[in-house]
2 protein chains.
Amino acid sequence: MTLESLSPTGGRGTKADANGQRDVLTRLRSDIVSSVFEPETRLKFADMTKRYDVGIGTLREALSQLSSEGFVTVEAGKGFKVAPVSASELIEITDHFIAFEKRAVREAIAYGGEDWETNIVAVHHRLSLIEGLPWERRMERHSEWVERHREFHEAIVAACKGKWLFRLRSIMFDQLDRYRFVTKRAPDGLGGSKLEEHRDIMTATLARDADLASDLIERHIRDTSERAIKLL
Amino acid sequence: MTLESLSPTGGRGTKADANGQRDVLTRLRSDIVSSVFEPETRLKFADMTKRYDVGIGTLREALSQLSSEGFVTVEAGKGFKVAPVSASELIEITDHFIAFEKRAVREAIAYGGEDWETNIVAVHHRLSLIEGLPWERRMERHSEWVERHREFHEAIVAACKGKWLFRLRSIMFDQLDRYRFVTKRAPDGLGGSKLEEHRDIMTATLARDADLASDLIERHIRDTSERAIKLL
DNA sequence: TCTAGCGTTATTTTCGAAAATATGAAGGTT
DNA sequence: AACCTTCATATTTTCGAAAATAACGCTAGA
C-alpha cells in the first residue's frame with residue numbers, strides 16, 4: 001500500500017487548491033449536504049462566485065457536475081437550484097444503498113487483501129478519534145466527521161470487485177449524507193452509539209464474517225435513516 | 001399527456017442549439033458511444049473545440065459531466081480521456097441494468113396510466129419504422145436508431161415510482177449503448193430479430209403481464225450483451 | 001551512458017468581458 | 001380590471017485571452 005490513502009484529504013478525486021483549500025466542487029457539495037443552502041434555493045452565479053472566490057466558468061462546471069450527482073437541479077436558461085428532499089426519496093435511497101453495500105461488503109470480504117485490512121484499521125482509528133470526543137467538541141468538528149465517516153465506510157467495501165457496484169454505492173452514500181445531516185443534533189443516546197456500531201462493523205469485516213458484517217451495516221444505516229425521517 | 005414527449009428530440013434534458021443542432025454534451029456522448037473516439041483516446045481541447053465549434057469553457061463543462069456519467073476519465077492537470085471498455089465491465093453493467101430494469105418495469109406496470117400506455121405505443125411505432133427497414137438503409141440511420149431505441153425502453157419503465165431506480169437504470173442503459181454499438185454490424189439473423197423482440201416486450205407490458213415482460217426484457221438485453229462480448 | 005537542471009513548447013485551467021436570454025415593470029388597449 | 005406590448009433590468013450562457021501547469025528536448029557534468 002502506498003499509504004497515500006492515509007492522507008486525510010479523502011479518497012475522492014478532489015483536486016486541492018494551491019493553498020491547500022478544497023476545490024469548489026467539494027466545498028459546494030459539502031455546503032449543500034450541510035444545509036447551508038436550503039433545498040429549492042436558487043444558486044445565483046453572482047453570489048456564488050463571490051462566496052467561493054472563483055470565476056463564472058469554474059463555478060458552472062462544479063454546478064454542472066453536482067447536477068449529474070443529483071445534488072442540484074438545472075433548468076435551461078433559468079439556472080441551478082438545490083435539489084429538493086423528501087421522506088420518500090430518503091426511503092428509496094436507503095434501500096438502494098443497503099442493497100449495494102451488502103453486496104459490496106461480501107465481495108470485499110471475499111477478495112480483500114492485507115492492504116485492504118490495514119487501511120480499514122487506519123481510517124477507523126481516525127474516525128474513532130472524533131467519535132470518542134465529548135458531544136460538544138464533536139459538533140465543532142462535524143464537517144470533519146462527515147469526511148472520516150465516508151472514508152471509513154468506503155474503506156470497508158474498497159476491495160469489492162465490481163467497479164460499478166462501488167460507484168453506485170458511493171453515489172447513494174453521498175445522497176444519504178444529506179439526510180444524515182439532520183440527525184446530527186441528536187446526541188445518539190437512544191438507538192445505538194455510532195462509535196460502537198463502527199467498531200463492530202470493522203471487527204466483523206476483519207473477521208471475514210460476511211453475514212454478520214452485512215447485517216450490522218444494514219442495521220447501522222437503517223437506524224440512522226429512520227431517525228432522519230422522524231426529524232424531517 | 002402534453003404530447004411534447006412525441007417530439008423526436010428525445011426525453012433527456014438536452015438543450016437544443018438555436019439552429020436545432022444537438023448540444024455538445026449529447027454530440028460528444030454520441031460520438032463516444034459510436035466509437036468515433038477509441039477508448040483511452042486523449043480528448044484535447046484544441047481539437048475538440050474546432051470539431052464541435054464551441055468555446056473551451058463549454059467543452060470543459062460537457063467533458064466534466066461525461067466523467068460523472070462514466071464515459072470519460074479525467075486526471076487533474078492532464079486532461080480527459082475516453083473511458084476504457086472491457087468484457088468484465090460489460091458483464092457487470094449488464095447485470096446491474098437487468099436488475100434495475102426488471103424492478104422498474106414491474107413498478108411501471110403497477111402504476112402506469114393511460115398516458116404511459118399511449119406513449120409506449122407512439123415511441124414503439126417510431127422505432128419500428130426504422131427497424132422495419134432493409135438492413136442497409138437501417139445502417140444509414142443507425143444513430144437515429146440509437147435514439148429511438150433508448151426512447152422505447154425508457155417509455156416502458158417511465159411510469160416507475162422510484163426516481164432513483166429510473167435514474168440508475170438510465171445510467172446503466174447509456175453505458176450499455178457503448179457496447180451495443182459493436183453489435184451493429186451483425187444483421188441479427190442469428191439470435192432474435194430486434195423488431196419482434198421489441199413488439200413482444202411492448203405487448204406483454206401493455207397486457208400488464210409483469211412476469212412475461214420482465215423475462216422478455218432480460219432475454220433481450222442478455223442476448224445483445226452476449227453477442228457483444230464475442231465481438232469485443 | 002546516464003542524470004540533473006534548465007528553457008521551450010504544448011496543453012490544461014482559470015477568469016471575466018460580452019452575447020443571449022429571462023424576468024419584471026410601466027403603459028396602453030379592450 | 002384583465003391582457004398584451006415594450007422597454008429596462010437581472011441573470012445565465014458562451015467564448016477566447018491569459019495564467020498555470022505539464023511534457024519535452026537540450027546541454028553540461030559525472
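In chain B of this predicted model, B:Leu43 stands opposite B:Phe80, a residue of strand β3(B). The two strands behind this pairing, β1(B) and β3 (residues 79–82) of chain B, run antiparallel and are joined by two bridges. They belong to an open sheet of three strands in chain B, ordered β1-β3-β2 with antiparallel pairing. Its edge strands are β1 (42–43) and β2 (72–75) of chain B, each of which pairs on one side only.

## The two DNA strands

Let us turn to the DNA. Around DNA strand D there are 19 residues, and those that come nearest are A:Lys44, A:Phe45, A:Arg60, A:Gly77 and B:Lys78. Around DNA strand C there are 16 residues, with A:Lys78, B:Arg42, B:Lys44, B:Arg60 and B:Gly77 coming nearest.

Which parts of the DNA does the protein approach? For strand D, 79% of the atoms within 4 Å of the protein belong to sugar or phosphate, and the rest to bases. For strand C, sugar or phosphate accounts for 81% of the atoms within 4 Å of the protein, and bases for the rest.

Here are some of the distances to phosphate oxygens.

| Residue | Polar atom in | DNA strand | Distance to phosphate oxygen |
|---|---|---|---|
| A:Arg42 | side chain | D | 3.0 Å |
| A:Lys44 | side chain | D | 3.0 Å |
| B:Gly55 | backbone | D | 3.2 Å |
| A:Gly55 | backbone | C | 3.2 Å |
| B:Arg42 | side chain | C | 3.0 Å |
| B:Phe45 | backbone | C | 3.0 Å |

The elements that give two or more residues to the surface near strand C are α3 of chain A and α3 of chain B. For strand D, the elements giving two or more residues are β1 (42–43), α3 (56–69) and β3 (79–82) of chain A, together with α3 (56–69) of chain B. The largest share of the surface near strand D, three residues, comes from α3(B).

By class, the surface near strand D has seven nonpolar, six polar and six charged residues, while the one near strand C has five nonpolar, five polar and six charged residues.

## Charged pairs within the protein

Side chains of opposite charge can pair when their charged atoms come close. Over all chains, the structure holds 40 salt bridges.

One of them links A:Arg51 and A:Asp31, whose closest N and O atoms are 3.0 Å apart. A:Arg51 lies in helix α2 (residues 45–52) of chain A and A:Asp31 in helix α1 (residues 24–33) of chain A, so this pair ties together parts that are 20 residues apart in sequence. A:Arg51 is partly exposed at 44% relative accessibility, whereas A:Asp31, at 14%, is buried.

A:Lys102 and A:Glu218 also meet in a salt bridge, at 2.4 Å from N to O. Because A:Lys102 lies in helix α4 (residues 87–111) of chain A and A:Glu218 in helix α10 (residues 210–231) of chain A, the bridge ties together parts 116 residues apart in sequence.

A third example stays within one helix: A:Arg180 and A:Asp177 both lie in α8 (residues 163–180) of chain A, three residues apart, about one turn of the helix. Their side chains meet in a salt bridge of 3.0 Å, N to O.

## A buried charge without a salt bridge

What is the situation of B:Glu197, buried or exposed? This residue of helix α9 (residues 194–206) of chain B is buried yet has no salt bridge. The nearest side chain of opposite charge, B:Arg227, is 5.9 Å away, and a salt bridge needs the atoms to lie within 4 Å. The side chain of B:Glu197 does make a polar contact of 2.4 Å with that of B:His220.

Terms used: Residues numbered from 1 in each chain as written. Chains lettered and ligands numbered in written order. Predicted model: local features only at pLDDT ≥ 70, side-chain atom pairs only at ≥ 80, totals over all residues. Heavy atoms only, no water. Helix = DSSP H or I, 4+ residues; strand = E, 2+ residues; numbered from the N terminus. Buried < 20%, exposed > 50% of the residue type's maximum accessible area, 1.4 Å probe, protein only. Lys, Arg positive; Asp, Glu negative; His and termini not counted. Polar contact = N/O pair within 3.5 Å; in protein donor to acceptor, adjacent residues only side chain to side chain. Near = heavy atom within 4 Å. Nonpolar A, V, L, I, M, F, W, Y, C, P; charged D, E, K, R; others polar. Pairing = 2+ DSSP bridges.
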